[in-house]
Structures are given as C-alpha cells and as structure tokens.
Amino acid sequence: MTDSWQQHEFDVVVIGGGGAGLRASLAVAQAGLRVAVVSKVHPLRSHTVSAQGGITAAMANNGDDDWRWHMYDTVKGSDWLGDQDAIEFMCRHAADAVYELEHMGLLFSRLPDGRIYQRQFGGQTRHFGGEQAARTCAAADRTGHALLHTLYQQNLRAGTAFFDEYFALDLLTTVDGQVCGIAALELATGRRHAFAAGQTVLATGGGGRLFRHSTNAHINTGDGLGMVLRAGLPVQDMEFWQFHPTGLPGSGSLISEAVRGEGGYLVNANGERFMQRYAPHAGDLASRDVVARAIALEIHAGRGLGPHADYVHLKLDHLGDRLIRERLPGIRDLAIRFAGVDPARDPVPVVPTAHYMMGGIPVSLCGEVLAPHPVAGLYAVGECACVSVHGANRLGGNSLLDLVVFGRATGQRLVEAAQHTSAVARPSADSLAAVTERLEVWQEPGEGNLADLRQRLQQTVQKHCGVFRTADWLAEGLHVLTQLEEEQRRIGLQDHSRVFNLERMEALELDNLFLLARATLVCALARTESRGAHTREDYPDRDDRVWLKHSLYRLGQSMPDYKPVNLQPVDTAAIQPVSRTY
Ligand SMILES: Cc1cc2nc3c(=O)[nH]c(=O)nc-3n(C[C@H](O)[C@H](O)[C@H](O)COP(=O)(O)OP(=O)(O)OC[C@H]3O[C@@H](n4cnc5c(N)ncnc54)[C@H](O)[C@@H]3O)c2cc1C
C-alpha cells in the first residue's frame, strides 16, 4: 500500500503558504529544523495576497493610542464572543509583530516624519469607546501583498522546503491513532505523497467560497476544516460569517474599508448618508456587521440603486484623484475594471458580500488543536483556526494581525515540541488506505455536473444563511442541503480519461464545502439569539444569559456542543458585556 505513496519526512509540515503558514514555518526554519510548506497554489497566490486595507496595532503613530483600547474595541467588535485572554495576547503583542515585519523588509506606507502610516478603520476608538482612532498600518491598499512577499522571501532565506501545487487530502495517523503528517496529491502529475512529520500545522485559510457572492478567492474552500471533521475533531462557532459591507455587485471583489477610513461614505438612492441613522456616533466607520445590516435594510426598504434597486453607493470622489491614486491605487483599479467607474469622478456601487470565517478549528494561544484537550502533534493557525479573537464579528485589520501574532506563537511552540520528539513516526497502512479510498471515489465515472452542484450548494447557503436568518429559512436550508448531499454521493467526473487534476481537486474541495455547509446551518439554527454577524429575525436580541458560549460541531451532529466564552484576561480587567452601540 505504501509503495504507491512517495514518502517524505520532516520535523514539521505546514499545510498552507499564506501569511499564517509562512509566519509559523519561518520560526521553525530559523531554529534550524526541517520544515515543509505544502500548498495547493504557489504561496504567493495564497489569499493573503489580496488583503488590502492593513494590519492593526496600537502604535500611536497617528494620535494617542494604547493596546488596551485596541483590546476593548476588539472585545466589543466580537460582541463579547471573543475569548479575552486571546484578545489581550493579540493586542499586547501587535506592535512588536508589526515592527518585526518592518525589520524583515515590509515596505509600509509612511507618515511625513518617516514613521509607519496608520489609517482609520471601523470600530476603532480611543479611551475605551471615545473618539475615532487611526490604528491600521498599511502598505497603500496592498498590505497583504507586501506582507506575503516579505514572509516568503524570509522563508527562502531560512531554508523552508516548498511543495507548490500539492493538494493536501487528509491527516495521516500512526497505528496508535496519533496525527503524524498529511497525504497530498501532486497536481502536475497526479502522484500521491505521504508527508510524515513530528508536528503537523493546518494553515489552510478560510472557506468564503461556501457562499455564492464572496470576496474570497476560488481556493478558499475550508479544506483544513474538512480534514479535522473527517478525523472526528470539532470545529467552533461556524454560524459566524462576516459579510463585508462593500463588495462589488456581480464579481464580489472587495472595496476595502480603507476607503471609508480615508473619508469615503455610503449613500442610498435618495442621496442620504444613511449610516448616521444606524450608528450616530461612528457613522460609516461602525463595525462591519452593523454597516452590512444597514445596507441590507436600506435595499429592503426600496432605497437601493441600479435597475434592480439592489446596491448602494460608496462616494469617494471628494477625496481627489491624487489621494486616491496614492493611498487607494488597487481600489481605483478594481472599480475601473469590475464596476466601470473611476472613483475620482463617480460613486462605486457596493453590496454586502460574504468575506470572512470567524469560526474554525478550536486552538490554544500557541496553535494546539483542542478537542477539548490538545491533540498531540496537531496545530492550526490563521483564518482556518478559531483562537478565538474575532468572536461573532471581526474588526478590519485584525486578521493579518492574528496571522502574524499567532503564527509566531505557534512557530515557537513547534520548536519547543520538536525538541521533545526523538523520531518522526510513520503513518499506518490503514490511514493511507482510507485516503486512497477517498481518492478512488473520484476515479469512477458518475452522473451530474460538478460545477452546477457546487453553484447550487453556494446558492443554498447564501439564500438560507445570509445577513438575516430565521428558523424556518435555516430548517429549509438544511432540507435542501440533505438533497444536495444525496446528489453528491452519485456524482462523478464526466469523462474520467480526459480529466486534469485541477478538476479532481475541485471535486475534493466540494467534499469540504459540503461539510462546512452542514456545520454552518446546524450551528446557525441552534443559536436562538442575534450576536455580531449572526442576525436572527426571530430572535433579534443578544441573550447573554444563555448564549455567552462557543458552538462546537462534530461531523454527524444535529445539535452542537458548547463551551463557555473566556471573559477573563490574564493581566487586565475583564471587559464586561454591555449593550453594543456605535
Ligand atoms: C479581499 C480581501 C481583503 C482582505 N483585506 C484584509 C485586510 O486588509 N486586513 C486584514 O487584517 N484582513 C484582511 N482580509 C482577511 C485576510 O486577508 C485573511 O483572513 C488572511 O489573509 C488569511 O490568511 P491565511 O494565512 O489564514 O490563509 P490564506 O492566505 O488564505 O492561505 C491559505 C493557504 O492554504 C493553502 N491550502 C488551502 N487548502 C489546501 C489544501 N487542501 N492543500 C494544500 N494547501 C492548501 C492555500 O494554497 C494557501 O497557501 C481580507 C480578506 C479578503 C477576502
């Protein structure tokens, strides 16, 4: 059985070459250990590359600031579902993490005095809810691009081994059931590879392609979550998906919050700046869930624009051509290419679009996968993980921060763990056989059309689990999902002899999207309250008495388990739940 698998051995294998994976692998490579990064696309095409607006850290370069204010904003932004020990850790280490990136060579935009430029983002305040802060460090509107290139170059220098365009299929285990690496398919050749490793890290990014309208790249299919679910492990808080207020209708391309941070604002069909009605204090820079709901309500009330009255306008012409070209060049490009408008002259049409997965694989502060105790040899980091710093709603600029702060902490733990691992264990024949079986399903011809099925799955989740939800809609969504799952069992690749591996990869990704869909709908139906991005029309209020807890879903469950939110930071005072207004 093992003969058909090409064997590799490393101290650490990281699946995913985005910001999170590369920050973790860098720490390991710099410690002189053997580390492999396995990625289904070239690392520089990972989704981190498209992050626009910036990375948040209280550095006080652009007015007073304090990491405790950042912590307060993040807890409030999370609608009190974020764990306060994790949020404290992230905000406290934010400035160090950004300076570290600067010293690695990341070319941040600058203030006239040479310090790193910081812009305003939604939900940022001074003095625990006071005036607007400017806390997000940026490289124009291409921060993720700059960050990813910097980390990739540092990894090359440190000797990380890269396996580009290898699709990770499933976790491998020893005869005793301990995780000991992953199985992967080499896309160019179809060869099968077994990566045996002392420590395995999932850094596979988000799953935003679960929705029909998404700002995410087509590769964001939640593969790491699929792998842990198939291994019998839980995923956390899957009902919480962020809808970004300003995606372009049609393409779903993101128009960054940086636009509103630089002074852009939203208007409805009457030309009204409607955000003042929904968030009198923060206006256009309220938290994303608040702005997305406001836009959806304006459209619902008939105040949308366009032939179908189904979008609103984002105005930035008053900022002037020069500022737009200097600070928002990528946004200008996107607006011209995908919406046909020059933002220096005309308003940009925008609509709420699925954007970010707040839930994920439950982990400790140093990336250990929890089920509920640490799973030996298995880690997760980045958008696929849930530590949980974003709770029910993520603040802009906090994801890139999450990647580098927890990427570094995970890397340090991996180095410690490697010192206590004498020899790398071998995967069992049974574990390889299970992956072979999964692959072979896709060697058989079958009926149906894969692309069509994927689209119907995305439409179902979009329709039944969008910005607003009700019990009836969610239950109906689960019913449709059961029918689609039935179809999926019968589907096959159309003409097997002519199929290239990319199509096989899409089929395998679809397995993962189906698992994410069920986890999302089950958890959303069970949570009978509204919190952050989870808005139940039939339960419009937040209910702290019952629901100050995280959902934990395992494959096959019709009702999730729960664990309490950690409201206790380590060194600072707890931020007690109060009503959340902006
Ligand atoms: C358009 C857009 C703009 C954004 N802007 C910002 C911003 O300005 N600031 C901010 O803080 N956040 C922003 N975000 C969010 C942030 O960019 C992401 O959350 C973050 O980059 C995710 O990083 P990651 O390393 O976890 O995953 P990714 O960068 O998505 O990388 C995932 C990696 O996993 C690999 N992979 C996945 N599955 C497999 C598999 N089966 N086998 C092998 N490899 C696999 C991929 O090849 C890839 O290398 C933005 C998001 C979007 C969509």
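Here is a quick tour of a predicted model, taking in its ligand shell, its two assigned domains and one pair of packed helices.

Let's start with the ligand. It has 45 residues around it, and the closest are Gly16, Gly18, His47, Gly205 and Gly382. Several helices and strands give two or more residues to this shell: helix H1 (19-30), strand E2 (35-39), helix H5 (143-158), strand E7 (166-173), strand E14 (348-357) and helix H12 (398-419). H12 gives the most, with four residues.

Now for the domains. The domain assignment gives domain 1 (248-351) and domain 2 (430-542). Their C-alpha centres are 31 Å apart. Where they touch, four residues of domain 1 are in contact with five residues of domain 2.

Next, a pair of helices. H14 (residues 450-464) packs with H15 (residues 471-490) at an angle of about 170 degrees, and their axes are 9 Å apart. That angle is over 145 degrees, so the two helices are roughly antiparallel to each other. On the H14 side, the contact is made by Leu453, Arg456, Leu457, Thr460 and His464. H15 brings a list of residues that includes Trp473, Leu474, Gly477, Val480 and Gln488.

What classes of residue turn up in each of these places? The table lays them out.

| Place | Nonpolar | Polar | Charged |
|---|---|---|---|
| Shell around the ligand | 16 residues | 26 residues | three residues |
| Contact of H14 with H15 | seven residues | four residues | three residues |
| Side of domain 1 that touches domain 2 | two residues | no residues | two residues |

How values were computed:
Residues numbered from 1 in each chain as written. Predicted model: local features only at pLDDT ≥ 70, side-chain atom pairs only at ≥ 80, totals over all residues. Axes fitted to C-alpha atoms, helices over the stretch in contact; angles between N-to-C directions. Parallel < 35°, antiparallel > 145°, perpendicular 65-115°, else oblique. Contact = placed C-beta atoms within 7 Å. Nonpolar A, V, L, I, M, F, W, Y, C, P; charged D, E, K, R; others polar. Near = placed C-beta within 6 Å. Domains from an automatic or database assignment.
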